[in-house]
Amino acid sequence: QPLNPDGLLDAQLKNIEGTPTYMAPEQARGDLSSIGKKSDIYALGSILYEILSGQAPYIGNSPEIVMERLITQPPQSLRTLTRPLKIDDTAPIRQSLKSSKELPEELVEICERAMIRDPAERTLSAPELRQGFQLWMDGVKQKEKAELNVHLARKSMVNIKVLEEKVQSLKANFFQTRGARK
């Protein structure tokens, strides 16, 4: 079969279904024997990538360019993503992305595990993906609860200090009044 300029079989491009920015490399290659649950895990990782970075993992001016990049190279690592991704060498598509230092490490790890390029090495399952999200959300809830407790404790300390000052003031007034009566 003839190759198009991107090195893809024209027939493959016509038979591939899905949104290129979210499909797994094996799906973009048209490797029907490798497409399965692990391809869905990759797609979920692609969605998480976009949630974390504000950018799809693969971008281009056409579906063919996106698929060529998907087939030939990994996405830019979320761990190093500190500048805008580009459609081509000259046109940034976002003014800025979150610094990789701001991204939750647990979610970056889940994303990386879900987006391993070789489906044979993509060992993350849907239940593990869900469990990873749940553990992260539980950790966020615990952190929020701890922050609330710290806030309440600080507020209580301020209230205690105000009460101590009032007690000292009352004591001073009491002893002054008592001393003036003698």
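Okay, let's start with a pair of side chains: E26 and R122 form a salt bridge, and their closest N and O atoms sit 2.8 Å apart. Before I go on, keep in mind that this is a predicted model.

So what does that pair tie together? E26 is in helix 2, residues 25-28, while R122 is in the loop between helix 5 (105-114) and helix 6 (126-181), so the bridge connects parts that are 96 residues apart in sequence. And are these two buried or exposed? E26 is buried, with a relative accessible area of 0%. R122 counts as buried too, at 0% relative accessibility.

How many salt bridges turn up when you search the whole structure? Three. That leaves the ones around R79, so let me go there.

E105 pairs with R79, and here the closest N and O atoms are 2.5 Å apart. E105 belongs to helix 5 and R79 to the loop between helix 4 (63-72) and helix 5, so this pair ties together parts that are 26 residues apart in sequence. On accessibility, E105 comes out at 41%, which counts as partly exposed. R79 is partly exposed as well, with a relative accessible area of 36%.

Then there's E112, whose side chain also meets R79 in a salt bridge, at 2.9 Å from N to O. Again the pair links distant parts of the chain: E112 is in helix 5, R79 is in the loop between helix 4 and helix 5, and they are 33 residues apart. E112 has 32% relative accessibility, so we call it partly exposed. Put those pairs together and you get R79, E105 and E112 linked in a network of salt bridges.

If you're looking at the picture, then, you can go from E26 and R122, both at 0%, over to the R79 network, where R79 is at 36%, E105 at 41% and E112 at 32%.

Now let me zoom out to the chain. What does its secondary structure come to? Six helices and zero strands. Reading from the N terminus, the elements simply go α-α-α-α-α-α.

On burial, 26% of the 182 residues in the protein chain count as buried, and E26 is one of the buried residues. As for the surface, the chain has about 12300 Å² accessible, with 56% of that belonging to carbon and sulfur atoms.

Last, the contacts. Take those between residues at least 6 apart in sequence: 58% of them join residues at least 24 apart. The E105 and R79 pair, at 26 residues apart, is a nice one to look at with that in mind.

Conventions
Residues numbered from 1 in each chain as written. Predicted model: local features only at pLDDT ≥ 70, side-chain atom pairs only at ≥ 80, totals over all residues. Heavy atoms only, no water. Salt bridge = Lys/Arg side-chain N within 4 Å of Asp/Glu carboxyl O. Helix = DSSP H or I, 4+ residues; strand = E, 2+ residues; numbered from the N terminus. Buried < 20%, exposed > 50% of the residue type's maximum accessible area, 1.4 Å probe, protein only. Contact = heavy atoms within 4.5 Å. Areas by Shrake-Rupley, 256 points an atom, 1.4 Å probe, with all protein chains shown as cover.
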